[in-house]
Amino acid sequence: MQTTIDPGEVAKFEAMAAEWWDPNGKFKPLHMLNPCRLDYITRQIAAEFDRDLSAPAPFKGLRILDIGCGGGLLSEPMARLGADVVGADAAERNIPVAQVHAQAQGLEIDYRHTTAEAMAAAGEAFDVVLNMEVVEHVADPLAYLTACQQLLKPGGLMICSTINRNSKSYVMAIIGAEHVMRWLPKGTHEWSKFITPDELYDLIRKAGLSPVDRKGFVFNPLRWDWLLSERDLSVNYVTASVKR
Amino acid sequence: MTHDADILIVGGGLNGPALALALAKGGLRVALMDAQPLEHLRSDTFDGRAYALALASVRALGALGIWAQIADHAQPILQIKASDGRPGEGIAPFFLQFDHAEIEEGPMGHMIEDRYLRRALLDAMAETPGIQHHPGETVTAQQVTGAGVQVTLASGRMLSARMLVGCDGRNSPTASRAGIARTGWDYGQTALVCAIRHDLPHHGCAHQLFLPAGPLAILPLPGNRASIVWSEETARAEALHHADGATYLAALRPRFGSFLGEIALDGKRFAYPLRLTLANSFIAPRLALVGDAAHGVHPIAGQGLNLGLRDVAALAQVLIEATRRGEDFATQPVLERYQQWRRFDTAVLALGTDLFNRLFSNDNPALRMGRDLGMGIVSALPGLRRHFIREAAGLTGDLPRLMQGRAI
């Protein structure tokens, strides 16, 4: 299997797989971030494909790929909204965890132990590619984003989120999240692999996609939750790009 | 697995039907169980019960399509006068007066009789797709399973859904069955509730008199009628409740003097022992509590139904937003959002009204002077007055969209 994922990175996530669905467990930060991520994803998809989120099964007929699906935190909501979902993860152990959970929810999701590169080589095509908190873990971001571009149908949408690289993100994402709050195991992230929004836009364009939007995910310590921000992309941020 | 509905609601008072409507308008399927039989629910004789709806509640009922059906039967509250009076003295010289002209939003609230509000909610439920109504059905058991929640009805019928909401009042059997304990205390007071006819017009003015035995509220109804909420020490209240109408009126008359002219009873009389009762948690696995099931407050500020409608608006918004982003709404992180939104607000109001009652249900001369002084200060400061008016209208705090009169 051809892959751009560091074997060391995959092993770190495998060790955490069983904990995926505990909202107060090791993946608490992802569970906390999830409503905010889902707000962005659902609104971008609805706008791009002209869907009404208040209608039943608004994403019916859309084929969505969730790369780095983990336990299915994004795949399941997409399936609930009516989409045909493929969840791909390079960590083999995540696949049965995600499958068992989806089945208990009565959701049909095609979970596969594979990579973006392998699926692109096999000629798979999707309306939407979700590429959330993955690009900072891959060895060759441009090769990876190019595979994502190949996986999109013309007019397709890629949502890509990652972590900015600056002194604030070092303090927040590594010292804060891993050492102080212990939200994430130490060593989850390597600061040098973080990407600035401009660098990401540049990579996305080089991969053959057109960036159309970017927003920050900002943690509000008073409300103890995450909010979308137009301006503050200093730590966590998300982008939307289309294949023209 | 397929469920009978997405959400089961236990309790068909006023919050239950309002929640059913809000959820169904958001695309969720609802089943509502009500212990009362339909004939009883649809009765149109005035039984003496009426509610003071704050402006925000009126807006929520507007967004649910209810207000247009009942507005003609509602009495706008144009003024609120709060005064520190003693029996026999009538309205005291020191009083606080709030006028709706001081805020731009219009009347601070409306009085509506139970029969109109109840029937409008029933009609709307019958017309809204996605709502099953089970009147005359009592829940005898409830069980959380892996994929949902199942209730057993007295008729032997079983219903299943993804979650259960208890709107079944201050002794909520739904909360007890879920093992949710309650905290609270007895005030040693009982509220006597009735409606009266009076000779002189009320001009849309609501009165709150702080009497030593407990507060007395005179709330205007359409025509020359008013709703009375009258708190007395429990033993005395019980005696009055069981006394004949003439004795009851003879005790009531001197309490608010002669400013409404001669008075007569209109409809039944009710007695409610006053207790503060807060559920220790508003949520449990696949369960949420709404209204008095979550928080029974002192009716001193007439806030019970208004608080309940805020719960309804907040819970409906949390569940519908979760559904629209594809989340499983019956999970702890989603229900936690509802609890966080409502608990603080509720605790503040519960303790505030409790403190207020303790301060005012007292004949201590020093306290009386302090009260009169406090009322004088609030009277003199327009900013503070406007804040009190907005608070009474339910326009403060983090308002759910329905309470702003907007669809979810």
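How are α1(B) and α9(B) oriented to each other?

1. In this predicted model, α1(B) and helix α9 (residues 304-324) of chain B pack at an angle of about 25 degrees, and their axes are 9 Å apart. Angles under 35 degrees count as roughly parallel, and α1(B) and α9(B) are therefore roughly parallel to each other. As for handedness, α1(B) passes α9(B) in a right-handed crossing.

2. On the side of α1(B), the residues that make this contact are N15(B), A18(B), L19(B), A22(B) and L23(B), while α9(B) contributes several residues, among them G308(B), L309(B), D311(B) and V312(B). Sorted by character, the residues of the contact of α1(B) with α9(B) comprise 10 nonpolar, two polar and one charged.

3. A second helix to consider beside α1 (residues 15-25) of chain B is α5 (residues 114-127) of chain B: the two axes come within 10 Å and cross at roughly 35 degrees. Here α1(B) passes α5(B) in a left-handed crossing.

4. In the contact of these two helices, P17(B), A18(B), A20(B) and L21(B) of α1(B) meet L121(B), L122(B), A124(B) and M125(B) of α5(B). The residues of this contact divide into eight nonpolar, with no polar and no charged ones. A reader following the chain may note that A18(B) is listed in the contact with α5(B) and also in the contact with α9(B).

5. Turning from helices to chains, the contact between chain B and chain A takes 11 residues from chain B and 16 residues from chain A. On the side of chain B that touches chain A, the residues divide into three nonpolar, four polar and four charged.

How values were computed. Residues numbered from 1 in each chain as written. Chains lettered and ligands numbered in written order. Predicted model: local features only at pLDDT ≥ 70, side-chain atom pairs only at ≥ 80, totals over all residues. Axes fitted to C-alpha atoms, helices over the stretch in contact; angles between N-to-C directions. Helix = DSSP H or I, 4+ residues; strand = E, 2+ residues; numbered from the N terminus. Left-handed = near helix turned anticlockwise from the far one by under 90°. Contact = placed C-beta atoms within 7 Å. Nonpolar A, V, L, I, M, F, W, Y, C, P; charged D, E, K, R; others polar. Parallel < 35°, antiparallel > 145°, perpendicular 65-115°, else oblique.
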